Each structure stands twice: as C-alpha cells, then as structure tokens.
Amino acid sequence: MQTSVIRELFLDYFNSKDHLIVPSFPLIPQNDPTLLLIGAGMAPLKPYFTGEKKPPQPRMANCQKCVRTPDIDRVGHTGRHATFFEMLGNFSFGDYFKEEAIAWAWDLVLNGYHLPVDRLWVSIYLEDDEAFKIWNERIGVPSERIIRLGAEDNFWEIGLGPCGPCSEIYYDLGEQAGCGSPDCAVGCDCDRYLEIWNLVFTQFSREASGELVELKQKNIDTGAGLERLAMALQGVTSFYQTDQIKPLYSHFSGIADPERRNQEIPLRIVTEHSRGTAFLIADGLIPSNEGRGYVLRRLLRRAVRYGKLLGIEGNFMADAVSLVVETMGSTYPELHERHDYIRQVVRLEEQKFQETLAQGIEILDGYLEKMRQQGENVLPGDLAFKLYDTYGFPLDLTAEIIEEQGFEVARESFASSLKIQQDRARSAARLSSRSDSADQYTAAANITTIFTGYETLEQEAKLLLAFVDGKTRMEIKLGEKVEVLLDQTPFYAEAGGQLGDTGSIESSQGRIIVENTFYTLTGHIVHQGRVAEGRLSLEETVTAKVDSGRRQGICRGHTATHLLHRALRLELGNHVNQAGSLVAADRLRFDFNHFSGLSRDQLEAIEAAVNKMVLANAAVQVTETSLEAAKQLGATAIFTDKYEEKSVRMISAGEYTRELCGGTHVLATGEIGLFKIVSEEGIGSGLRRIEATVGMNAYRQTVDQERLLEKLALALNTAGGHLEGKFDEHLTEYKLLQKTTQDLKKRLAGYEVKDLLSTVKDIDGAKMLSAMVSADSFESLRMVMDEVKSNLGSVAVVLGAITDGKVILVGSVTPDLVKRGIDAHKMIKEVARQVDGGGGGKPELAQAGGKEATALPAALNTVEDLIRNQLKSAGNA
C-alpha cells in the first residue's frame with residue numbers, strides 16, 4: 001500500500017466518524033513561544049486541549065508534518081528514527097474517550113489496513129485497568145499480547161496540568177529486524193517491535209502537590225507515524241525502503257563515490273535531513289545561528305558534511321530538495337509554490353558552508369592533534385565557539401566529528417563564550433520575559449474585550465480589571481503605572497508588526513495616559529500606561545480615546561508596506577515573502593527573503609511603483625471572506641490560522657495588491673502622500689531589510705536632501721544643475737593629489753629605509769630589524785615595511801611610530817622565516833602589551849596599537865630577544 005493511500009485511508013476513515021479533517025499546520029508554531037517547532041500532531045491544537053479556545057468541532061483529524069531533533073543522533077543508526085515525519089492523528093475535545101479511540105484504531109488497523117493480527121501487540125500503562133478491559137474484553141486481544149509498561153513509556157505528562165496514560169499498538173517486523181536477545185519483546189530498543197500508533201488518554205491533571213485529579217473534560221490525542229505505518233504495510237524494516245523515501249535514498253546512493261555506497265549511515269542521514277530542510281524552508285525558515293533557524297542550519301550542514309563522507313562532490317543538496325518537492329508536492333502544495341525559493345536558500349547556505357568546511361575541519365584537526373600530544377580529550381569550549389562563530393560549525397557538528405575520534409567538547413564553556421561574545425538572544429529574552437509573566441493575567445481568564453477600533457477611535461467602555469506591579473487593584477491612583485482591561489476598546493493591540501495604539505482612558509474621576517497596547521499570550525488586550533489625573537475604579541464607565549494623529553500615521557505606513565510587498569514581488573520575483581515588519585507612526589521597516597543586495601535601479605523602480613499607486617488614489621477595501629476564496633483571489637499571506645477562522649480579513653488596494661491582514665489602513669492610497677525608501681541592507685543569510693518613511697516624514701526627508709544639495713553646490717561654487725559635473729571635476733583633482741601624496745610618501749620611505757638598513761642584525765642566520773620611524777598612519781608604516789622587505793628579501797621586521805600621541809605597530813615575517821618558527825602575530829602581541837595596547841594578525845603579518853608612547857623605544861628593543869626565543873622554541877637556534 002502506497003504512503004499516499006495510507007494517508008488518504010486514515011483521513012477518510014475518521015471523516016466517516018464525524019471528524020473535521022484539517023490540513024497540516026506550518027512547522028513554525030503560531031502564538032506559542034514555548035515551542036521551537038511543531039513536533040507532534042496535537043501541538044498546534046494545544047489551545048483546544050487547554051480550553052483557551054473553542055475548537056471548530058469536538059472531533060478533529062489531520063496529517064501533521066513534524067520536526068523533532070532530540071533523536072537526531074539516532075538518525076541513520078536505526079530504520080525508524082527521524083527528525084522530519086508525518087503524524088496521522090485523531091482528536092477528541094471532551095467528546096469520545098477510551099473505548100471509541102481504542103475500537104476505531106483497532107478497526108482501522110485490521111479492517112482498513114489489513115495488518116495481520118498475529119503481528120500486532122498492545123501496550124498499556126501498568127495501572128490502567130480500564131484500558132486493559134477494553135482491549136481484552138471489548139476488542140478481544142488476548143491478555144498475553146497486552147503488555148503493561150511503566151510511566152516512562154506509557155504515561156504522558158509535561159510538568160503540571162493535563163496528563164494521562166497511553167496505549168500503543170506495535171507491529172512485529174520479525175526476528176530478522178531484532179537484536180537477537182532472548183529477552184527481546186515489546187519495549188525493547190531494537191527495530192523489531194515498531195510502535196505504529198499511540199493513543200493518549202488525557203484524563204488527569206497533575207497538581208502542585210503531586211496528586212492526580214480527574215478532569216471533568218477528558219480528551220483524546222492519538223498519533224500514528226505515517227512512515228512507520230508504511231514500513232509495516234510495505235513489508236520493509238526501514239522507512240528508507242518505503243515508496244516515499246526510497247527515491248531520495250537511491251538518488252544519494254547514485255551520486256556517491258562507488259567505493260562508498262555501502263556506507264549505510266551517511267546515506268540515511270543525507271536522505272532524512274533533506275526532507276526536513278525542504279519543509280522548514282517552505283514554511284518560512286532561514287538558516288541562522290539561533291532558535292529555529294539553527295535547527296535548519298544544523299540539518300542542512302550535517303547533511304552536507306555526511307555527503308562529503310560519501311564522496312559527493314560540489315553542491316548537491318538543491319537537487320535533493322527538488323526530489324522532495326517532486327515526491328511530496330502533491331500533498332503539500334507549498335513545496336511546489338516555493339520550489340525555486342527553497343533551492344536558492346539551500347544553494348546559498350550550502351555554498352557558504354562548503355567554502356568554510358574544509359578550512360574548519362583542517363583547523364579542528366590541528367586542535368585534535370595538539371590535544372593528542374598533550375594527552376587531553378576535551379576540546380575547550382572557546383575553541384568550539386571559534387569554529388561556530390568564524391566557520392559556521394554548529395556545536396553539535398563539532399561534537400559529532402570529534403566524538404568519532406574519541407574526544408568530547410566542553411559544552412559549558414562553549415555556552416559561556418556564546419553568552420559573553422554574542423547578544424543575539426536579547427529578543428528571545430524579551431519573549432521569554434513576556435512568557436514568564438503570563439501568569440499575572442490569569443485574573444483576566446473570563447474577560448472578553450470587543451475591539452471597535454476599525455470603526456471608531458473613541459469608545460465608551462467599562463473598566464473591568466486593573467494591575468499595578470502585576471497585582472490586581474480595585475482602584476488605581478495618580479502617578480501609578482498601570483495595566484487595564486476594558487469590556488470594549490478602540491485601541492489596536494500590537495500585532496503583525498503594527499505598533500499598539502496610544503491615547504487616553506478618562507472617567508469623571510480620573511485619567512490614564514495609555515503608552516502602549518498589547519496582547520497577552522492568552523489573547524487579552526491590555527492597555528499599559530500611567531494615571532495622570534485623579535483615580536479610577538473597577539466597573540467605572542470610561543471613555544477610551546486613541547491618539548488619532550499617531551493612528552493615521554500608522555495607517556499610512558501599514559498600507560504602504562502592502563504596496564511595497566507587491567512592488568518587491570513584481571520587481572524581484574514571487575519568491576519574495578514578508579519575513580517581519582515594523583509599522584510605526586513615523587517610519588516603517590519591511591524584512592523579506594532575497595539573496596542579494598538591491599541595485600540603485602531596482603530600488604528606484606520599487607519606490608516609483610509604490611508612489612504610482614499612491615498617486616492613483618486607489619480605494620483600500622476591507623473584505624471578510626473565506627480563506628479559500630482569498631487564495632483564489634490571489635491574496636498574499638502566511639496562512640496560519642486556517643483551522644479556526646471561518647472567515648478572514650482581506651485588504652485590497654485597487655487591483656494592485658490583496659493581503660490577509662488584521663491591521664488598520666487608510667481609506668485610499670492617496671492618503672499615504674509620499675513614499676520614500678531610506679535604506680536597504682542585509683540582516684542575515686537570504687534576508688534583506690528596507691526602511692522607509694511616508695507622508696510628511698517622507699516630504700521632510702526630500703526637503704533635507706534638497707538643502708544638502710544646495711549646500712554642496714554653494715561650497716563648490718556652482719549652480720544645482722551643474723553640481724554633478726563640478727563634483728566629478730573636484731573628485732578627479734582629489735584623486736590626482738592623493739596619488740601625488742602617495743608617491744611622495746613612498747619616496748620619503750625609501751630615504752628612511754636607506755638609514756634603517758644599516759641597523760639590520762643577523763640572529764642565527766635570520767635577518768631582523770626593529771625600529772621607530774616617522775609615519776602618520778598604518779598605511780604609511782606598512783609602506784616603510786614593504787621597502788625594507790623589498791631590499792632584504794628575507795627578514796623579520798617590526799616597526800613602530802607615534803601619531804596623535806598614540807602608538808602604531810606593524811610586523812612582518814617572510815615565509816622562509818615563518819617556517820623556522822618566527823611568528824609576527826606573537827611578536828606584535830608582546831610588543832603591544834608593553835605599550836598598553838593590543839592587536840592581532842597572522843604569522844606573516846600583524847599590526848597593533850598602544851597608548852603608552854613613551855614606552856615604545858624600550859618595547860622595540862625587546863624584539864631581538866623575542867626572535868631568539870622563537871627560534872630556540874622551534875629548535876632552530
């Protein structure tokens with residue numbers, strides 16, 4: 001039975017049992033900072049299990065794409081462990097429970113998939129007598145084929161809260177797939193007994209006391225691994241042999257070095273990782289050194305490294321992901337839609353890693369050789385960090401390479417280096433701080449705030465809840481910093497890149513200045529600010545007023561981002577997608593996927609396209625429609641909330657652009673006034689950022705630029721129309737003067753070198769020179785050094801100078817003397833230390849600076865001894 005048929009049969013079966021069949025969520029979690037990636041079928045449905053949201057139906061089923069990395073070290077070593085997989089699942093939110101879940105699973109396995117009953121085994125939680133009775137008495141499974149396992153295997157819980165026992169269905173792949181142990185049975189860690197379906201019965205809540213309390217609403221969460229079902233139904237012992245994955249495995253086997261095609265583990269790893277790579281990029285991830293992007297980078301670079309072990313030459317992963325698209329694109333259309341983009345991201349990342357892989361491994365080999373000589377077996381964390389930061393080696397890749405040779409890495413000191421030298425985690429810290437404080441809003445659990453800000457900027461409302469320093473208050477007073485919740489509000493809470501509204505909340509007794517509006521993790525709208533006048537009490541009637549001028553500025557910017565997004569796609573291609581944005585009252589920022597910087601012509605074309613739409617004064621319309629209808633109309637969005645929203649909000653600017661958006665916008669594009677790009681830059685691998693202004697801010701920027709041009713024209717004694725020609729004339733003159741200056745400096749350096757050559761010394765056959773010279777820059781100092789080298793051929797030279805009261809130093813060692821052990825970097829480092837400075841470089845060339853000018857002569861006098869010591873250490877003295 002083909003994998004596609006297995007998937008279809010599962011969904012059809014549960015459709016017949018009145019389940020709502022929904023498509024897979026993206027791999028990137030939405031509104032859940034506690035999850036790195038979607039790693040289980042129930043993960044995107046968590047709000048329904050916790051009761052935070054009401055499900056569209058009490059019964060649901062899907063086939064969810066998942067990525068998990070805890071088992072990454074086992075990938076390739078077994079036939080069943082994967083980082084990317086598809087999870088078939090049926091779910092009940094307070095509807096059916098154990099008996100139906102068990103009966104339907106068994107019915108589908110036996111009568112739908114026709115798996116032989118003598119190959120099937122069942123496990124239950126050791127204390128779950130209820131499940132045993134259902135399996136044994138209701139279903140008829142013999143007691144000897146029902147295995148009781150402990151909490152580690154068959155009780156699902158994550159900290160406090162909902163939890164419950166599990167029951168699993170296993171398929172016996174036969175003795176040939178086992179470990180050969182006489183004790184091999186269900187629960188053994190070998191490949192023989194394959195878990196194909198896990199039924200989780202969420203019936204308890206774990207309290208802080210450790211007690212299990214029965215839940216009023218019991219839920220069902222099941223997961224059947226599609227790849228594992230395919231193994232059982234296709235009669236193979238590894239998912240690499242199944243119809244959906246075997247073409248990938250064969251592809252890599254075909255391009256590997258013929259002498260290495262029997263290396264099973266590397267073949268499996270590149271095969272498995274290519275699937276996760278394609279799907280993560282399709283869902284919007286970009287390789288990076290942190291968070292979710294790090295998972296992608298780790299998978300892709302690990303695959304590249306194992307491809308090299310197979311003797312695969314050149315860049316090969318882009319063709320592999322195309323094969324993933326070919327085999328799975330009919331089920332997951334986003335693969336086809338973003339095929340070219342996926343290839344480009346993979347090609348760019350692979351090319352970057354290929355450039356540094358050989359160099360990084362050479363350096364790592366040097367570290368390991370030194371460790372062998374010193375009898376050490378732990379690679380210091382700072383060295384592992386250097387490989388990570390300089391050569392793009394994920395820590396796990398370094399660990400994997402050295403563990404193969406009997407070494408390990410000091411992970412704790414690596415983490416310390418990462419913390420000290422990188423501040424990239426600041427945004428994550430802000431995210432976690434919001435998460436950590438989520439508990440303070442539990443008092444708002446039963447509060448619903450109606451947002452009226454699309455229709456009005458002023459709203460009469462009731463003050464329902466107030467916090468001061470995280471604690472609820474019945475009354476708030478003058479000067480206190482507060483957070484308040486209303487029964488309805490015109491204030492837009494920060495979302496989708498649009499900043500939250502500011503304004504005021506007033507009553508007959510007091511007034512709050514609202515400085516920010518945001519959503520809690522549970523979706524409540526919080527108004528944050530301070531009491532500017534009097535006092536306010538709960539249940540009091542208030543008037544909420546949004547700062548209209550600021551809101552209008554934000555509306556201009558938000559509609560402009562939609563026009564910009566469309567203009568980028570038209571100019572650069574449909575691979576362009578929004579990767580982040582900021583819409584403030586005075587500026588906008590738009591992050592997008594692209595692989596190179598934009599030319600001046602491209603930026604001008606994009607800016608012109610947006611302003612053309614501004615001048616067209618196209619009507620901006622808001623349409624409530626279905627998701628499918630929006631897609632058919634060509635609406636652009638990251639379609640994430642598709643399981644719970646019966647309608648979506650589509651923003652159209654004429655026929656030019658349509659996007660799904662919950663933000664606020666102008667009524668017509670003409671209200672934007674003017675759009676002006678301020679800057680365009682790269683912010684990461686395959687990511688670009690445009691910053692721009694609109695309205696009066698864009699006008700003021702244009703006026704400032706005109707004034708600057710007028711000032712330049714006046715300084716150059718010319719009219720504005722002749723400025724470019726006059727500037728070119730002065731630039732040519734400046735370059736001529738610069739060349740003349742350089743020639744004079746070179747001639748002066750030549751004169752000075754003639755005097756210096758008389759001070760050259762010979763140390764054990766090595767010529768050396770150290771001296772203080774006249775130079776006003778590193779460039780001038782290097783010029784003198786080059787003259788010395790050209791006259792002497794073989795030499796170790798250290799020169800110093802004082803400019804603006806500070807020391808500058810350069811050092812150079814010719815290649816023949818580097819081989820004898822003389823190191824310019826070490827010399828310069830020591831000399832710089834003596835003048836209270838520092839620097840760096842390579843054995844052949846180094847430079848440094850220092851603060852103590854008076855110490856320079858004495859420091860240069862130590863060079864001779866430094867060279868003697870280096871030669872002696874290298875065994876050349």
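Which helices each supply at least two residues of the lining of the second largest pocket? Keep that in mind as you load the model, which is predicted.

**Stop 1: the pocket**

Select helix 12 (339-374) and helix 13 (381-391). These two helices each supply at least two residues of the lining of the second largest pocket. Helix 12 gives the most, with eight residues. The space in this pocket is about 580 Å³. Its lining has 14 residues, and the closest to the pocket centre are Ile 363, Gly 366, Tyr 367, Lys 370 and Lys 386. Show those five as sticks. Now colour the lining by class: six residues are nonpolar, three polar and five charged.

**Stop 2: the largest core**

Keep helix 12 selected. Helix 12 also gives the most to the largest nonpolar core, with ten residues. That core has 120 residues. Which residues have the most contacts inside it? They are Trp 135 and Trp 197.

Centre on Trp 197. Leave aside residues up to four places away in sequence, and display what Trp 197 touches. Two phenylalanines are there, Phe 10 and Phe 14. Ala 105, Leu 108 and Val 109 are among the contacts, and so is Asn 90. Ser 167, Glu 168 and Ile 169 also touch Trp 197. Thr 222, Gly 223 and Ala 224 complete the list.

**Stop 3: a second core and its strands**

Next, select Ile 763, Ala 766, Leu 860 and Ile 867. They are included in a second, separate core of 26 residues. Ile 763 and Ala 766 are also bridge partners, with Ala 766 in strand 30.

Show strand 29 (residues 761-763) and strand 30 (residues 766-772). The two pair in the antiparallel sense over three bridges. They form a hairpin with two residues between them. Pick Asp 764 in the turn: its phi is positive, about 50°.

Add strand 31 (residues 796-803). Does it run parallel or antiparallel to strand 30? The pairing is parallel, over five bridges. To find the register, label Ser 770 and Val 798, since Ser 770 stands opposite Val 798 in strand 31.

**Stop 4: another hairpin**

Finally, go to strand 22 (residues 578-583) and strand 23 (residues 588-593). They pair in the antiparallel sense over five bridges. Four residues join strand 22 to strand 23 in a hairpin. Label Gly 580 and Asp 591: Gly 580 stands opposite Asp 591 in strand 23.

Note on methods:
Residues numbered from 1 in each chain as written. Predicted model: local features only at pLDDT ≥ 70, side-chain atom pairs only at ≥ 80, totals over all residues. Heavy atoms only, no water. 1 Å grid on protein atoms, 1.4 Å probe; cavity = no way out; pocket = protein on both sides within 12 Å on 5 of 7 lines; lining within 4 Å. Points joined across faces, edges and corners; volume = space filled by probe spheres on them. Nonpolar A, V, L, I, M, F, W, Y, C, P; charged D, E, K, R; others polar. Pairing = 2+ DSSP bridges. Core = buried A, V, L, I, M, F, W, Y, C linked by side-chain atoms within 4.5 Å. Buried < 20%, exposed > 50% of the residue type's maximum accessible area, 1.4 Å probe, protein only. Contact = heavy atoms within 4.5 Å.
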